[in-house]
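User: I am new to reading protein models and would like to go through this one step by step. Could you take my questions in turn and explain the reasoning behind each answer?

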Amino acid sequence: MSRHLLQIEGLHPPQIEAMLDLAESYVLLNRSGKTQRDLLRGRTLINLFFEDSTRTRTSFELAGKRLGADVINMSVASSSVNKGETLLDTAATLNAMMCDLLVIRHSQSGAPHLLSQKVDAAVINAGDGTHEHPTQALLDALTIRRRLGRLEGLTVAICGDILHSRVARSNIHLLTAMGSRVRVVGPPTLIPADCGRLGVEVFHDMAKGLADADVVMALRLQKERMGGEGNARPGGNPVPSAREYFRFYGLDFDKLASAKPGALVMHPGPMNRGVEIDSAVADDPVRSVIKEQVEMGVAVRMAVLDSLARMQRRNV
Ligand code: NCD
């Protein structure tokens with residue numbers, strides 16, 4: 001494995017499996033209320049977020065602290081960022097501070113990759129533009145594996161705004177690598193034209209796309225990414241109105257009835273209730289595993305920090 005975690009694409013199933021197994025041990029540790037503060041003692045973790053975040057930033061902070069790292073949160077308002085040059089300047093500054101682990105979220109696809117070439121720290125991608133969000137895919141996989149016992153052979157329907165979703169992209173890479181059958185379901189305007197190349201089946205109708213699915217994942221309409229960064233439809237609105245979108249693509253119990261009776265309902269958050277998911281489904285204590293996804297997020301990030309720090313020790 002590389003000394004960074006920049007993307008899921010290119011990871012091999014045994015590497016994914018090993019990360020999920022390590023994360024599983026952290027689920028048990030977290031539930032026992034214990035910590036392992038000696039593991040990253042003396043290490044510095046910098047959270048560098050150029051975009052908003054609640055779950056991801058907080059869980060990286062918690063993960064670092066539970067493993068004993070010194071954690072620094074740098075929030076950078078995207079409006080004040082002059083991309084290319086500023087990012088490289090920032091990299092030089094962080095390098096001079098000798099940080100060990102650098103977690104970055106940025107609106108530009110490829111920003112973590114660029115940074116990884118300029119700093120000595122291990123770089124972890126916490127979401128870059130529409131490219132990837134690797135720790136989200138790992139936590140989703142852990143949630144599914146714990147609930148359904150496996151990933152292989154499952155049918156997973158990812159619904160909604162696939163085009164702008166780094167979560168969808170990372171999940172597609174991970175789940176197809178692990179032998180799941182992945183479907184993407186959404187309006188033609190929100191499905192990338194080259195989706196078939198990723199080994200998924202494309203559906204524009206929820207009843208058909210959800211038929212016999214084991215897992216149904218709803219995604220937010222990512223308005224902030226629509227029309228930007230070389231995506232389709234610059235300036236155009238790919239959906240008519242939130243109300244109409246909900247009628248056709250909002251995950252409610254009627255549409256969920258097409259999936260398997262025990263199908264899991266997932267959402268990476270933040271949710272737009274009444275747009276891509278109905279509140280009753282999101283809060284259903286049996287079907288929805290949305291809160292569990294958040295719990296798995298901390299364990300997965302502990303596993304990622306742990307394994308990258310181990311690799312650094314070996315390289316010293
Ligand atoms: C996602 C993201 O930022 O890509 N959120 C998250 O990390 N849980 C999804 C989103 O923004 O809709």
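User: What span should the 15 residues of helix H5 (residues 134–148) have at 1.5 Å a residue, and how far apart are its end C-alpha atoms?

Analyst: This is a predicted model, in which local features need pLDDT of at least 70 and side-chain atom pairs count only at pLDDT 80 or more, while totals for chains, interfaces and linings use all residues. Residues are numbered from 1 along each chain as its sequence is written, and side-chain values use heavy atoms, with hydrogens and water left out. Helices (H or I, at least four residues) and strands (E, at least two) are DSSP runs numbered from the N terminus, and the expected span of a helix is 1.5 Å times one less than its number of residues. For H5 the expected span is therefore 21 Å, which agrees with the distance between its end C-alpha atoms, 21 Å.

User: How many of the 15 residues of H5 are buried?

Analyst: A residue is called buried under 20% relative accessible area, exposed over 50%, and partly exposed in between, with a 1.4 Å probe and protein chains only. The buried residues of H5 include Pro-134, Leu-138 and Arg-145. H5 is largely enclosed by the rest of the structure, because the number of its 15 residues that are buried is 12.

User: Which residue follows H5, and what is its phi?

Analyst: The residue that follows H5 is Gly-149. Its phi is positive, near 85°.

User: How many disulfides does the count come to?

Analyst: A disulfide is a pair of cysteine sulfur atoms within 2.5 Å. The sulfur of Cys-195 is 12 Å from the closest cysteine sulfur, in Cys-159, which is too far for a bond. Cys-159 counts as buried because its relative accessibility is 4%, and Cys-195 counts as buried at 1%. The count of disulfides comes to zero.

User: What is the order of the strands in the open sheet of four strands?

Analyst: Two strands pair if DSSP finds at least two bridges between them. Strand E3 (residues 101–106) and E4 pair in the parallel sense over five bridges, and His-106 has Asp-128 in E4 as its bridge partner. With parallel pairing, the open sheet has the order E2-E1-E3-E4.

User: Which residue has a polar side-chain atom 2.7 Å from an oxygen atom of the ligand?

Analyst: The residues around the ligand, each with a heavy atom within 4 Å of it, include Thr-56, Arg-220 and Gly-269. A polar side-chain atom of Thr-56 lies 3.0 Å from an oxygen atom of the ligand, whereas a backbone N or O atom of Gly-269 lies 3.0 Å from a nitrogen atom of the ligand. The residue with a polar side-chain atom 2.7 Å from an oxygen atom of the ligand is Arg-220.

Methods. A polar contact is a pair of N or O atoms within 3.5 Å; within protein, one must be able to donate a hydrogen and the other to accept it, and residues adjacent in sequence count only if both atoms are side-chain atoms.
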